[in-house]
Amino acid sequence: MKPPKNTAKKQPPKAVKKPPARKDPLDSVFKTVGKLKQSQQSDRDRTAARTPAGVKTAARGLRLTLSEIQAVRRQIQPCWNFPAGAQNAGALRVRITIWLNRDGSVRDAKILDGADTSRNAKLRAAADAGIRAVNNPRCSPLKLPPEKFDQWKVLTIDFDPSKLSSE
C-alpha cells in the first residue's frame with residue numbers, strides 16, 4: 001500500500017513587509033507644480049503650433065511690464081505742455097483714457113469721469129493739455145509691443161503735474 005499523499009496545499013511563503021519609506025510632505029507639492037508648469041508650457045506650444053499667429057496668441061496673457069509703461073510716459077511727457085504758472089498744480093491731476101489702433105496711433109481719447117472740468121477752468125486747461133499730448137504727432141504712434149495689443153488697446157494715463165520730472 002502506498003503512503004497517503006498530503007492533500008494540504010503548500011502555502012506560499014509570507015512576504016516580508018517593509019516599513020513605509022518616509023516621504024517629504026513637500027514632494028507631492030513639487031510634483032504638482034512641475035506638472036502644472038509642463039502643462040501650461042505644452043498648452044502654449046500647442047496653441048502656437050495650431051494658429052498662424054501662434055506667437056501673438058500665446059503672448060496674449062502677458063502683461064505690460066513696468067519698463068514698457070514708463071516708456072509710454074517718457075514718450076508722451078515732452079508733448080504735455082502743462083499750463084504754466086498754475087497754482088496748486090497738484091490738484092490739477094487728470095486721468096485720460098485712450099483707445100489705440102494696432103499701430104499705436106490714438107483712435108480716441110476721453111477725460112475720465114470724475115474730473116469736473118466744466119466748473120474749473122484750470123482743470124479744463126490741464127485736461128485739454130493731456131488730450132493734445134496723446135494726439136500730438138510728435139508723440140504718436142506709441143511704441144508698444146504689437147504682440148501685447150490686447151493689453152494696451154485701451155490705456156488710462158494719469159497726467160499728474162506733481163510727478164513731472166525734469167528728464
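## Helix 3

Leu66 and Arg73 are exposed on one side of helix 3, the side opposite its buried residues. This is a predicted model. The buried residues of helix 3, which spans residues 66–76, are Glu68, Val72, Gln75 and Ile76. These four lie on the same side of helix 3, because they cover an arc of only 90 degrees around the axis.

The cover over the buried residues of helix 3 includes helix 4 (121–135) and strand 3.

## Overall layout

The chain has five helices and three strands. From the N terminus, the order of the elements is α-α-α-β-β-α-α-β. Of its 167 residues, 25% count as buried. The accessible surface is about 13100 Å², and carbon and sulfur atoms account for 54% of that.

Among contacts with a separation of 6 or more, 70% are between residues 24 or more positions apart.

## Strands 1 and 3

Strand 1 and strand 3 run antiparallel and are joined by six bridges. In one of these pairings, arginine 95 has aspartate 158 of strand 3 as its bridge partner.

In a regular strand, side chains alternate between the two faces of the sheet. Strand 3 (residues 154–159) shows this alternation: Leu155, Ile157 and Phe159 point to one face and are buried. Val154, Thr156 and Asp158 point to the other face and are not buried.

## The loop at serine 105

Serine 105 sits in the loop between strand 1 (94–100) and strand 2 (106–111). Its relative accessible area is 18%, so serine 105 counts as buried, the cut-off being under 20%. Leaving aside residues up to four places away in sequence, serine 105 touches Trp99, Leu100, Ser140 and Pro141.

## Aromatic pairs

The structure holds two aromatic pairs. In one, the ring centres of tryptophan 80 and phenylalanine 159 are 5.0 Å apart and the planes are at 65 degrees, so the pair is edge-to-face. This pair links distant parts of the chain: tryptophan 80 is in the loop between helix 3 and strand 1, phenylalanine 159 is in strand 3, and 79 residues separate them. Both tryptophan 80 and phenylalanine 159 are buried.

Phenylalanine 149 and tryptophan 152 form an aromatic pair that is also edge-to-face, with 5.0 Å centre to centre and 90 degrees between the planes. Both residues lie in helix 5 (residues 149–152), three residues apart, or about one turn of the helix. Phenylalanine 149 is buried at a relative accessible area of 11%, and tryptophan 152 is buried at 1%.

Note on methods: Residues are numbered from 1 along each chain as its sequence is written. This is a predicted model: local features need pLDDT of at least 70, side-chain atom pairs count only at pLDDT 80 or more; totals for chains, interfaces and linings use all residues. Side-chain values use heavy atoms; hydrogens and water are left out. Helices (H or I, at least four residues) and strands (E, at least two) are DSSP runs, numbered from the N terminus. Buried means under 20% relative accessible area, exposed over 50%, partly exposed in between (1.4 Å probe, protein chains only). Contact means heavy atoms within 4.5 Å. Accessible areas come from the Shrake-Rupley method with a 1.4 Å probe; for residues, only the protein chains shown count as cover. Two strands pair if DSSP finds at least two bridges between them. The arc is that of the directions from the helix axis to the C-beta atoms. Rings of Phe, Tyr and Trp (its six-membered ring) pair if their centres lie within 6.5 Å; planes under 30 degrees apart count as stacked, over 60 as edge-to-face and the rest as tilted.
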